[in-house]
Structure formats: structure tokens, C-alpha cells
Amino acid sequence: MDVISNIQDPRSHGMISSNSKKARVEVIVVPFPCHSHLNQLLQLSCLISSSYNIPVHYATTATHLRQVQLRFNSQTHLQNPHIHFHEFPTPPFLSPPPNPNSSSKFPSHLQPSFDASIQLRDPAAALLREISNTATRVVVIHDFLMAYVVQDVATIPNAESYIFSPVSAFQRSFSVLKDNKSFQSLEELKGLSSIQGNWTPEIQNFFALQADYQSLAAGTIFNSCRSIEGTYLDLLEKEMNSINKKVWTIGPLNSDTKGDKRKSNSRQHRCLEWLEKQAPKSVLYVSFGTTTTMADEQIKELALGLEQSKQKFLWILRDADKGDIFTEEVKRAPLPEGYVERVKEFGMVVRDWAPQVDILGHPSTGGFMSHCGWNSCLESITMGVPLLAWPMHSDQPRNAFQVTNVLKVGLAVNTWEQREQIVTSSTIYEVVKMLMASREGEEIRRKVEEIGGAAHQAVKEGGVSCLELDSFITHITR
């Protein structure tokens, strides 16, 4: 960590003189146009702008800006006068529906929107040049998948860039620490299977394009916490410092808005009203994120397994986002006939967008059946909610392994090797009962509450993540 010494409190922004119009630091944030990526960097933008009074420019396509603002869990943060939103023209791209019957669960239907993001280089460069004319220093924080788009930072004398990692340090370690003996010898990695099949060739080509420009950044910011991933963060920091790259670990970002979430949302979702009527820690929350679409047969098995368990559940049943979520509605997966009526005494099925942070933070929520995207893992752990891990693609298999085998804050629903097989209702019944109504489940809950409590303390004043964010602010306002 960059050590803070002999400086004014960065939260006062006092190290920047107000005598000159140009004597200021401004931050440009460039997210990747996929919801979980958009959301994490909007959380960071709100945190920097509200806590440090630094102008932050959050820049993405008009379509994706509308999407992330609509779904953001703390609308009051978006009103901060120090945060500015910039709409890049949305490049044309196809927005086909997801294919629920594909052998690969990777959201290939989003690839056109991913590829279209390459076209944002020119508007990003124009914004960078414009702000660099009125600021002493321009700091670009960009998603690691937008390195190509912000490459022109290298041509601006008063600009510098930093990578934001929206994936876990555990996942990142496998690409950064390939030949690191300390990493390879970790006992807890034994039993980790191959994750072949989690990426498509098209997205791997996209990754390769970004990798060519990631070396331009002066350092990396991780949305993680040392109480969760200390071993891997320490190894990454040592490796990256050896090539003169700085590292800051400033998460979990979702904690920043936890305290005011109910006050800030003018309309409470009906599922929260339902949760209010349930006993503490009695409800299993079931959701597979914004990039997962299940086959009809799998939805039927999941429905029956939840019904047979007789455990209270809140199921967010949606197909994956399209590239443009504002185009025509995607299909609604069918449920068994009469299902909603049969489970109405103990279960609720929601077909639209639901506020996940609010749900996980609710006292009635006692478990989370999840695809194990890093956002969802962090939010669940921070709220002290144990997981039922069911990875679908991308970084999710390794996140699931970390949840179940390393942190031991969850149980596996399905192994990655069996990903192409239908998970039966009996398997779902058994794992739900184990988490929600067994001694093993109680022990897992105790463990996640312990780790989550430490993670929540980390982002409070004086906590290790808070100090690292202070350190980053001190560094960029030097």
C-alpha cells in the first residue's frame, strides 16, 4: 500500500490549492458496458466525488448510462454536485436475445455490444483532451476491459491512468501470477479443476486486444478486501510492485451505500414488503445475475426443488440482459402450471429487476443461491449471507471455488465439470435444506458473518480499505 505520511486529510481535498482555476485534479471514469462492471465503477465514482469533493466524470454510452442510473441502489448519491455524467454516442450494435439452450452459458449474445465499445476511443480521447485543458492533472480510472479505449491518455502530458479490476484478486492471480512459486504452492488451491469452457474464443480475442494497452496504467485498484482475499492481494501487490505498478484495495464498494439504501429509494420494491413479513434469516434469495439464461428444463427442476424444500424463498427469475435492455422485452421462461399459487405461502417469484443489495441486507434473508459473479459474492459476504454456489461462465467457477473451498462461506450446488448436465430437483432440495436448516448451514452462516463483519469494518473510517482509498486519493492529488 502507498503509505500516507505528512499530508493533509485527503477527505478535505485540502492539498489542492483553490487559487488557480487550473489547480485541481479531475477524475474520468470509463466503465465497460456490462451491468456488473458499470455498477462497480459508479459506486466508486460516487464514493470519490462525495467523500473527497473531487470532480468525477463518469463516461459511457447513452444507453448504458441510462441503464446503470436506473438500477443504481442509492439515487441520492447520483445527485452529488461533484459527479458529472457524460453520454458518448451509442455505437450501433446488434442486440439479439439470449439463447437459453446454448451448450455454453457465456452470454455470447452480448458480444456485439462488447465489440462496439471499441468505437468509444475517439469520444473518450476528446473528453480527456477537453478536461486536461482546465485541470492540473487528469486521472483516468478505467475498467480493465477498456484499456484500448483510453490508450490516448499516454499522449496527454498531464494525464495518468489506473486500471479498475471488477473481478476478484483470486481470479486475477491466475493471469498475473502464472509462474509465481508461492502462489502455485498454496495448499488451498489443490482440488481446483480446469475452467475450460468458461470463455468463448471471441471474448478471449477481446481480452487479448485489451492486454496490449493495460501496461500504460500506473497501477490497479481492486474492489476487494484484505479480510476476504488478503493472501492473493499480498502476492499480487508484491508482483506488481516489482514492475513499478502500484496497488490499492478499496472494497467492498457496496458498503458505501448500505446505510442509506432504504431512505434513498423513493419507491420500495414489492419484494421488500414481502420480506418484511418473514422471520429473520428465514428466506433463501435466488438470483443468477444479469448475464445468465437458464434452459426451460432447468428452470422447471429448480422450481420443483425449491417447492419441495418448503423453505421460504425469493426467486428473481429473469433472462440475461440484452445488449440494449431498452429494446423489446425478452421471453419470460415458463414455470410449472399453478406453481405461483402452490408456493404463495412460502415463496415469491419476481420477474422484473429487483434491488439486490437491499434484499441481501434485509434481516429476513438467510441465504443466497447465486451464479457467483464477483459483485454478488462481495455483496453477499459483506451482508453476512451464506451462498449456494452455482457458477455459469467467465470468472464465476473460480469465485465459486473461493466461496466454497477457500473461504468456506457457502456450499456447491453444481460442479463445473457437470455444468452441461441438468441439476435435478432432488439435488436442489438437498442443498437448500443443508444451508437453511442444518448444523452445517449454521456453521457456514457463522463463518460468513465473521468475514462479512471484518469486510464491513474495513470500509469504515480508519479501516484498512478506507485507508487505502485515502492513500490513492493522496497519490493522485500529490
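**Exercise 1.** In this predicted model, classify Asp-352 as buried, partly exposed or exposed, then find which salt-bridge partner its side chain meets and what parts the pair ties together.

*Solution.*
- Start with accessibility: Asp-352 has a relative value of 32%. Buried means under 20% and exposed over 50%, so Asp-352 counts as partly exposed.
- Next, look for the partner: the side chain of Asp-352 forms a salt bridge with that of Arg-270, at 3.5 Å from N to O.
- Now place both residues. Arg-270 belongs to helix 10 (residues 270-276), while Asp-352 sits in the loop between strand 10 (347-350) and helix 13 (356-360), so the pair ties together parts 82 residues apart in sequence.
- Finish with Arg-270 itself, which is partly exposed at 41% relative accessibility.

**Exercise 2.** Take the salt bridge between Asp-152 and Arg-121. Is Asp-152 buried or exposed, and which parts does the pair join?

*Solution.*
- Begin with the contact: the two side chains, Asp-152 and Arg-121, meet at 2.8 Å, N to O.
- Then locate them: Asp-152 is in the loop between strand 4 (137-143) and strand 5 (159-165), and Arg-121 is in helix 4 (residues 121-132), so parts 31 residues apart in sequence are tied together.
- Last, check accessibility: Asp-152 is buried at 14%, and Arg-121 is partly exposed at 25%.

**Exercise 3.** Describe the setting of the Glu-187 and Lys-190 salt bridge, then widen the view to the whole structure.

*Solution.*
- The Glu-187 and Lys-190 side chains meet at 3.1 Å, N to O.
- Glu-187 is exposed, at 56% relative accessible area; Lys-190 is also exposed, at 56%.
- Across the whole structure, a search gives 16 salt bridges. Salt bridges also link Arg-226, Asp-234, Glu-237 and Glu-468 in a network.

Conventions
Residues numbered from 1 in each chain as written. Predicted model: local features only at pLDDT ≥ 70, side-chain atom pairs only at ≥ 80, totals over all residues. Heavy atoms only, no water. Salt bridge = Lys/Arg side-chain N within 4 Å of Asp/Glu carboxyl O. Helix = DSSP H or I, 4+ residues; strand = E, 2+ residues; numbered from the N terminus. Buried < 20%, exposed > 50% of the residue type's maximum accessible area, 1.4 Å probe, protein only.
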